[in-house]
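Dear colleague,

Please find the structure below, followed by a short account of what was found in it.

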Amino acid sequence: MTETTEQTPHHRHLEHARAQVIELLSRQALELDLLSRSENRKQDVVAQLVARQHQAALSQRLLNFHPADIAFVFESLSPEAREMAWTLVRPERRGAVLLEVSDAVRRSLVGNMQPEEISAVVRTLDSDDIADLVSSLPDEQRQAVLEHVDRADQAEVRAVLSFPDDSVGAMMDLDFIAVREDATLEAVHRLLRRKKPLPAHTNELIVVDRNNALRGVLPLDKLLFEEPETEVGAVMLTQPTYFFTDDRDRDAVDAFEKYDLISAPVVNLHKQVVGRITVDTVIDELNARAQSENLRQVGLSEEDEDLFAPPARSARKRWPWVALNLATAFASSRVIDAFEPVIAQLVALATLMPIVASIGGNTGNQTMALVIRGLALNQMGPQQLRTMLVRELAIAGINGTVWGAALAAVTFGLYRDWKLAAVIGSAMLLELLLAATAGLIIPVMLKRFGRDPIMGSSVMLTATTDSMGFFIFLGLASMVLM
């Protein structure tokens, strides 16, 4: 999908809605401030009436929003405005909103709420949604909230919470419809009429035996168009795609992408059906993964998603990466200092030096993105790594030769010095080869040492290409030009 600066009608609607909410909140904050300073009783009553009017208007505005749109607005508000707007969201809608906001914003919203208040908010949600929301709370708050959840939901919520965060069990939906293979399609029709409405994203019914073991799935088109007296077992699909509760969520997401699934059964070790995965959960997981990887690649965490988090706390979290950048920048400065006599004699080196130092970043990031993706999909064995290294070096060699020659030609046209042109052309070739090598080695080494290959990899790559770019260019210049 190509990027465009033109906003879609939906985005324009969200921007307009956010502006309206912010304007109403600003007016209300101003009125409350004036109200607190007023000593005139008559003016006080008028101000209260106006404040209530704006409060009602804001509450009505939020009522017309989808929970996801409310979440979008909340993530754009300062903590004070967010807290004020939160009080105006209807209690029965708060649970759906909490599911849509980022973890950082969710923690800020529930931070001042009592466990019984949170329990009341989540009571309108399904058990798996309650588990998703509760899992993001601190441990002590989580236990307190569970104690106030209805007993009917407690067992299911605790069952989902017992699975690791990166497992299929943690992301499954507990709401599904199961039928027996010896039932007729007419009997299934009667069952569905009694059970309406159907669970969301139901494109097939799960077929089980007397022990609740998976036997197959019954697509809804078969249910609708086959003869009513036909048994389920005669028209069901006997080899459906399904997952075990301890499968990795990443494997399920990949399967949904590969096979274009809408839903799939989830079974335990005895192959008994315990839930299902739906496409909306997979899309949420894909979005969350993409956002998380974008943050981690530059050394940030999900907690940094809140744009209005306290600066001191966010600054402390970034200290390690600032320190790393400072150390690598100092190392780069020492490289430049070591070649000071060369730079002093030929000022052109100072103007050309940043080109070489920065040119490898794009090549390195492209290689790194491919390697990280391959590691995530378990496609990077020793043989594959060797093959990919040769391939990336070949690509870097071709690009370095072609564009190094172009840069050398431009340099010769500016300075009329063929030696300087040869130096910068060669330096560009070597820099691209180095960037491709670093882009492959950095994530592989991070994974080998048990670290997340995404976390801070971009920072490390930039540090490597910058310092080594200076060294390569100035080293060649000292050998050829001096």
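A cavity here is a set of points, on a 1 Å grid over the protein atoms alone, where a 1.4 Å probe fits but cannot get out; residues with an atom within 4 Å of a point count as lining. By this rule there are 2 cavities of 30 Å³ or more, a volume being the space filled by probe spheres set on the points, which are joined across faces, edges and corners.

The model is predicted: local features need pLDDT of at least 70, side-chain atom pairs count only at pLDDT 80 or more, and totals for chains, interfaces and linings use all residues. Residues are numbered from 1 along each chain as its sequence is written, and side-chain values use heavy atoms, without hydrogens and water.

The largest cavity holds about 40 Å³ of space. Its lining consists of Phe 176, Ile 177, Thr 202, Glu 204, Leu 205, Ile 206 and Arg 276. Strand E2 (strands are DSSP runs of E, at least two residues, numbered from the N terminus) gives the most to this lining, with 3 residues.

The second largest cavity has a volume of about 30 Å³, and among its lining residues are Ser 119, His 148 and Asp 153.

E2 also belongs to an open sheet of 3 strands with mixed pairing, in the order E1-E2-E3; two strands pair if DSSP finds at least two bridges between them. E1 (178–180) and E3 (214–219) stand at the edges with a single partner strand each, so one side of each is left without a neighbour in the sheet. E2 (residues 204–208) and E3 run antiparallel, joined by 5 bridges, and Ile 206 stands opposite Val 217 in E3.

With kind regards

Key
Helix = DSSP H or I, 4+ residues; strand = E, 2+ residues; numbered from the N terminus. 1 Å grid on protein atoms, 1.4 Å probe; cavity = no way out; pocket = protein on both sides within 12 Å on 5 of 7 lines; lining within 4 Å.
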